[in-house]
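Biologist: I'm new to this one. Could you put it up and walk me through it?

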Amino acid sequence: MEKRRKKIIAGLAVFMVLMWLCTLISKSIYASKLPMVSTTRTDSKYIEHIVEAEGIVEAGAKLPVTILSGLRVEELAVQTGDKIEEGDLLLTVDLEDMKLIMDEQELAAQKVQLQIDAIVHNKELAQSQKALEEARAREDYDALARYQDTLVGRAAEGVAQAEEALEELQAENREHENDWQGEDGEAKTEEELEAEWKAREQEEERLKQELQAAAYAEADAKWNRDNTIKDAGRKVEDILQEDNADATLSVYRTELAAVQDKIDAYKEILDQEGKITAPIGGMVTDIYVQTGGRVPDTASFLLADDEVPCQFRTSLSKEQKSYVNLGDDVKLQLDGRKKIDAKVDYIEENENMPGTYTALLRLPEETGTPGLSGKMVCSKAGEKYPCCISLMALHAENDRNFVYVVNEREGILGTEYYVEEITVSVADKNDKLAAIEGAVTEESQIIDSSTKEIKKGDVVRLSDG
């Protein structure tokens with residue numbers, strides 16, 4: 001009996017050991033399949049913003065080189081980045097093509113000259129006609145003046161004759177005022193005297209009317225003379241009036257001079273065997289002509305002005321622009337060389353790409369050459385926030401920011417760790433840290449990495465590290 005009891009106890013012990021081993025193995029297998037996460041805690045830190053932007057060195061000022069437009073380029077002798085001196089060869093033009101252009105220009109000059117000759121001839125004819133009209137108008141003026149003076153003289157003579165007749169009658173009336181006898185010496189009757197004085201009064205009244213009419217006729221003659229002569233004088237003045245301004249001849253002469261200047265320029269290029277040389281020295285920064293193409297009517301080349309320091313040009317996004325301002329001190333590294341101090345001298349939003357900006361930095365004299373690449377670094381020490389985490393621990397979804405934290409609970413295999421999601425707001429961030437606000441404490445274990453994708457409620461295991 002005792003022996004059997006011992007066997008039972010031994011079997012029970014073996015069973016318990018086996019159960020413990022099975023539980024341990026099951027728990028190990030279960031745990032091995034769980035995502036392994038590492039956690040971090042919040043910390044009080046400064047959020048520093050560092051903006052790095054690639055760019056290129058360009059000329060501080062560019063000088064244009066213009067060439068007679070329309071010429072066909074046979075061969076280019078320079079390329080962007082070449083350093084040239086005054087007199088160096090820029091390009092060679094197609095002389096056969098240029099000769100055809102010269103023929104066209106000479107024909108155009110002949111046409112313009114014919115236009116000028118026609119205008120000059122017509123102006124001479126017009127001047128001759130105007131001189132003839134002036135002479136005739138003056139003759140008419142003189143003839144009208146003489147004729148009108150004659151008419152006025154006749155009217156004045158009529159007035160004088162009327163005045164003389166009236167004065168003679170008045171004198172005669174005064175002479176016979178007390179004459180009471182007739183021609184036969186007999187006394188006149190009262191009726192005869194009355195009839196005689198009435199006849200004399202009527203005659204005097206008639207002569208007065210004639211005098212008045214003669215005076216009116218003289219006044220009319222003078223008025224008519226003055227207005228007739230005035231009209232004739234105005235005709236002379238109208239003829240002498242200057243003609244309306246006409247710029248046609250000046251325009252044609254200017255056009256002819258321009259064409260002749262082009263022809264002279266073509267001849268000069270012909271004498272140089274089609275070789276176009278640089279009028280000034282500098283580095284070639286832009287070329288606007290190509291072999292086989294024609295020279296534009298704008299600048300064909302742009303050369304860097306050696307007397308003006310170079311500048312660094314870079315592009316900024318809207319977010320970068322929020323941390324870079326006009327006048328900020330920055331570090332600049334050109335083509336991997338030692339960093340130099342610089343300052344942001346110009347910032348402007350790009351019209352063709354709204355939301356992007358161009359920044360320019362003037363370089364010290366004799367620093368950099370056009371075409372060099374470089375990097376601008378602008379560092380801004382931000383504010384200190386009490387709750388900062390690694391940017392890897394911050395998640396975003398549908399304009400919502402959140403973090404995953406680890407909590408403990410009792411499971412079927414004992415204590416286990418599970419994922420909880422906490423919504424937070426971002427006060428500030430850079431490329432490494434984020435300052436957050438929300439239901440996160442200093443004790444919160446915030447997940448910053450995981451071996452597998454996790455979500456709210458998942459069971460995880462903690463990294464030993």
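Modeller: Sure, starting with the surface. The protein chain exposes about 30800 Å², with carbon and sulfur atoms supplying 49% of it; such areas come from the Shrake-Rupley method with a 1.4 Å probe, and for residues only the protein chains shown count as cover. This is a predicted model, where local features need pLDDT of at least 70 and side-chain atom pairs count only at pLDDT 80 or more, while totals for chains, interfaces and linings use all residues. Residues are numbered from 1 along each chain as its sequence is written, and side-chain values use heavy atoms, leaving out hydrogens and water.

Biologist: What percentage of the residues of the protein chain count as buried?

Modeller: Buried means under 20% relative accessible area, exposed over 50%, and partly exposed in between. Of the 465 residues in the protein chain, the buried share is 30%.

Biologist: Where is G327 found?

Modeller: Helices (H or I, at least four residues) and strands (E, at least two) are DSSP runs, numbered from the N terminus. G327 comes between α5 (318-321) and β12 (329-334), in the loop.

Biologist: Is G327 buried or partly exposed?

Modeller: Its relative accessible area is 36%. That value falls between the two cut-offs, so G327 is partly exposed.

Biologist: Which residues does G327 touch, not counting those up to four places away in sequence?

Modeller: Contact means heavy atoms within 4.5 Å. With residues up to four places away in sequence left out, G327 touches K343 and V344.

Biologist: And what separates the C-alpha atoms of G327 and L361?

Modeller: These two residues are 34 apart along the chain. Their C-alpha atoms are separated by 9.5 Å.

Conventions:
Buried means under 20% relative accessible area, exposed over 50%, partly exposed in between (1.4 Å probe, protein chains only).
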